[in-house]
Every structure is written in C-alpha cells, then in structure tokens.
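Visitor: Could you walk me through the surface of this model and the reasons behind the labels?
Guide: Gladly; let us have it in view.

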Amino acid sequence: MFLVSSVLAHQGGWDEFVLFVIPAVAAILLVRWAERRARQRRTDEDGEDGETGVSMTPPETRRPGE
C-alpha cells in the first residue's frame, strides 16, 4: 500500500491526469459501443435495405400497388 500512495503522491501532475483520463476514455468508449450496438439493432430490425415496411406517404395520395 505504501508503494501505491508514494507513486500517486502528486508526481508532477501526471497521476491526476491518468486518474482522469482512464475513466473518461472508458466512458467515451462505452457510449460509442452502445451507440454502435443500437444502430446495428435498428438496421437489423429495418431490414437489409433500411426499409421499415411502413409507408410515409398518406393513404389518399398513394398509387395502387404501393
């Protein structure tokens, strides 16, 4: 325990930098991973071509067969 406290005892500021950067980078990576996973799920649900199967055109303006 003494070694850890002596290493992290204000060694010119690098220790505070590391103690901030590691959690910040971890949070950024987790958010990016979650966004990529959500985007992939939306793509999988929509289908291969991104079509949802729901027409955005109002029914009265659709042509027959749409």
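Visitor: How much area does the protein chain expose, and what share do carbon and sulfur atoms supply?
Guide: In this predicted model, the protein chain exposes about 6,300 Å², and 63% of that is supplied by carbon and sulfur atoms. Of its 66 residues, 2% count as buried. Its secondary structure comes to two helices and zero strands.

Visitor: Why is isoleucine 22 called exposed?
Guide: Exposed means over 50% relative accessible area. Isoleucine 22 has 55%, so it is exposed. This residue sits in helix α2.

Visitor: What makes up the nonpolar patch on the surface?
Guide: Trp14, Phe17, Val18 and Ile22 form it, and together they have about 420 Å² of accessible area.

Visitor: And why does arginine 39 count as partly exposed?
Guide: The label partly exposed lies between the cut-offs of 20% and 50%. Arginine 39 has 46% relative accessibility, so it counts as partly exposed. Arginine 39 also belongs to helix α2, which covers residues 14–46.

Visitor: Which residues gather with Arg39 in a patch of positive charge?
Guide: Arg32, Arg36 and Arg42 join Arg39 in that surface patch.

Note on methods
Residues numbered from 1 in each chain as written. Predicted model: local features only at pLDDT ≥ 70, side-chain atom pairs only at ≥ 80, totals over all residues. Heavy atoms only, no water. Patch = residues over 30% accessible without salt bridge, like charges linked within 9 Å, V, L, I, M, F, W, Y side chains within 5 Å. Areas by Shrake-Rupley, 256 points an atom, 1.4 Å probe, with all protein chains shown as cover. Salt bridge = Lys/Arg side-chain N within 4 Å of Asp/Glu carboxyl O. Lys, Arg positive; Asp, Glu negative; His and termini not counted. Charge placed at Lys NZ, Arg CZ, Asp CG, Glu CD. Helix = DSSP H or I, 4+ residues; strand = E, 2+ residues; numbered from the N terminus. Buried < 20%, exposed > 50% of the residue type's maximum accessible area, 1.4 Å probe, protein only.
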